[in-house]
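Colleague: Could you take a close look at the cysteines for me, and then walk outward to the parts around them? I'd love one connected account rather than a list.

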Amino acid sequence: MTVEDAVDHPVDQPVDEPVDEPVDEAELQARFDAVIARHDRVEPRDWMPERYRATLVRQIAQHAHSEIIGMQPEGNWITRAPSLRRKAILLAKVQDEAGHGLYLYSACETLGASRTELTEKLVSGAQKYSSIFNYPTLSYADVGTIGWLVDGAAICNQVPLCRTSYGPYGRAMIRVCKEESFHQRQGYELLMTMMRGTDEQRAMVQESVDRFWWPALMMFGPPDADSPNTAQSMAWGIKRDTNDELRQKFVDMTVPQAERLGVTLPDPGLVWDAERGHHDFTQPDWEEFLEVVKGGGPCNAERIAHRRAAHEDGAWVREAASAFARRQDAAAREVSRG
Ligand SMILES: [Fe+2]
Ligand SMILES: [Fe+2]
């Protein structure tokens, strides 16, 4: 079954399949547990515990919102791209993020949460998006740094999600990850080009990396000790690695890339620990993280205001699309009545 099939058959729609014998909740729970234990997929029509469904809606919605809000910091530079080539790359990348948001809203709809309802929750602040997108983009080097570090962190987060237990989410992630890897490469290639340029361009890259390093580390969420939902999400197979494991993987992956690039990661505590086989590093400022998540980051208000305005400006498109769908529907009925 593809993501599209899943979207075509939301849970509350009747499907032409033999109906199983009624079974009690304990039996349903046992079947669900067996699917999870086998590392198999849970599909939209399967019974699932209410808390599993709610956790997925929260996580997938937050992910979808991040893709959509994440278009803003880079979208800010589209009209000021330094060349036609850079503009074409950036446009393609930002459009990909819109597509990621849409796959994810569709995955959420298979759980019974409508896109209208989720958008409402985003603009009212009831649902969150990744804290990283509340930081400003101050130079064109930020386009490169976001691709390298932010999309790089997204890849670390999302590759394990291709094996997540909920089918539509995992399948959406497979496609998303292929595109994220292009995003990461275009960012790295941009930075590499700037590093081969003038002293001023090199300084611009370093300044950008200095600003984005710590917020990028925060993208994996709070330390495991302060992440109460992690254990349950892992038991359900929604998450496959803890926040700290993913953060470590990201640091280990990024250090050699920084060396090749010739930039310094702004952490004097970043050293190879031969015994652990990993890099030691300093934790980001978790107070700042909490502040940003609560809405007090440098761009929170601006991002939401922009999203709300875009949603309101788009009302006529939604109305026109619904009117068109109603007309098509009426015409189809007319034909079938003969
Ligand atoms: Fe994305
Ligand atoms: Fe991306």
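Let me start with one point: how far is the sulfur of cysteine 108 from the closest cysteine sulfur, and in which residue does that sulfur sit?

Modeller: Happy to! The closest cysteine sulfur to that of cysteine 108 belongs to cysteine 162, and at 17 Å it is too far for a bond. Before going on, a word on the ground rules. This is a predicted model, where local features need pLDDT of at least 70 and side-chain atom pairs count only at pLDDT 80 or more, while totals for chains, interfaces and linings use all residues; side-chain values use heavy atoms, without hydrogens or water. Residues are numbered from 1 along each chain as its sequence is written, with chains lettered from A and ligands numbered from 1 in the order in which they are written.

Back to the sulfurs. A disulfide is a covalent bond between the sulfur atoms of two cysteines. The rule applied here asks for a pair of cysteine sulfur atoms within 2.5 Å, and by it the count is zero disulfides. For cysteine 162, the closest cysteine sulfur is in cysteine 177 at 3.9 Å, so that pair is too far apart for a bond as well. Cysteine 108 is buried, at 0% relative accessibility, and cysteine 162 is buried too, at 17%. Here buried means under 20% relative accessible area, exposed over 50%, and partly exposed in between, with a 1.4 Å probe and protein chains only.

Cysteine 299 is another buried one, at 5% relative accessibility. Its place is the loop between helix 12 and helix 13; helices are DSSP runs of H or I with at least four residues, strands are runs of E with at least two, and both are numbered from the N terminus. Setting aside neighbours within four places in sequence, cysteine 299 is in contact (heavy atoms within 4.5 Å) with Asn134, Tyr135 and Pro136. Tyrosine 135 is 164 residues away along the chain, yet the two C-alpha atoms are separated by 5.8 Å.

Step from that loop into helix 12 (residues 286-296), and you find Trp286, Phe289 and Val292 buried. They lie on the same side of the helix because they cover an arc of only 115 degrees around the axis, taken from the directions from the helix axis to the C-beta atoms. Glu287 and Lys294 are exposed on the other side. Helix 9 (199-218), helix 11 and helix 13 (300-313) are what the buried residues of helix 12 pack against. At the start of helix 12, a side-chain oxygen of aspartate 285 comes within 3.0 Å of the backbone nitrogen of glutamate 287. That fits the rule for a polar contact: N or O atoms within 3.5 Å, where within protein one must be able to donate a hydrogen and the other to accept it, and residues adjacent in sequence count only if both atoms are side-chain atoms.

Helix 11 (residues 243-261) brings in arginine 247, which is buried at a relative accessible area of 0%. Its side chain reaches the backbone oxygen of glycine 221 at 2.8 Å. The contacts of arginine 247 beyond four places in sequence include Phe220, Phe281 and Trp286, and Trp286 is one of the buried residues of helix 12.

You will also want the metal site. Glutamate 97 bridges the iron ion (ligand 1) and the iron ion (ligand 2), which lie 3.3 Å apart. Donors are N, O and S atoms within 2.8 Å of the metal (3.2 Å for Na, K and Ca), and sites may look incomplete because water is not among the atoms. For ligand 1 the protein donors are Glu67 (OE), Glu97 (OE), His100 (ND1) and Glu180 (OE), at 2.0 to 2.2 Å. Ligand 2 is coordinated by Glu97 (OE), Asp151 (OD), Glu180 (OE) and His183 (ND1), at 1.9 to 2.2 Å. Donor angles of 86 to 142 degrees make the arrangement around ligand 1 irregular, and the site of ligand 2 is irregular with angles of 88 to 158 degrees. For reference, four donors count as tetrahedral if all angles lie between 85 and 135 degrees; four count as square planar and six as octahedral if opposite donors are over 155 degrees apart and all others between 65 and 115; anything else is irregular. Glutamate 67 and histidine 100 are buried, as are glutamate 97 and aspartate 151.
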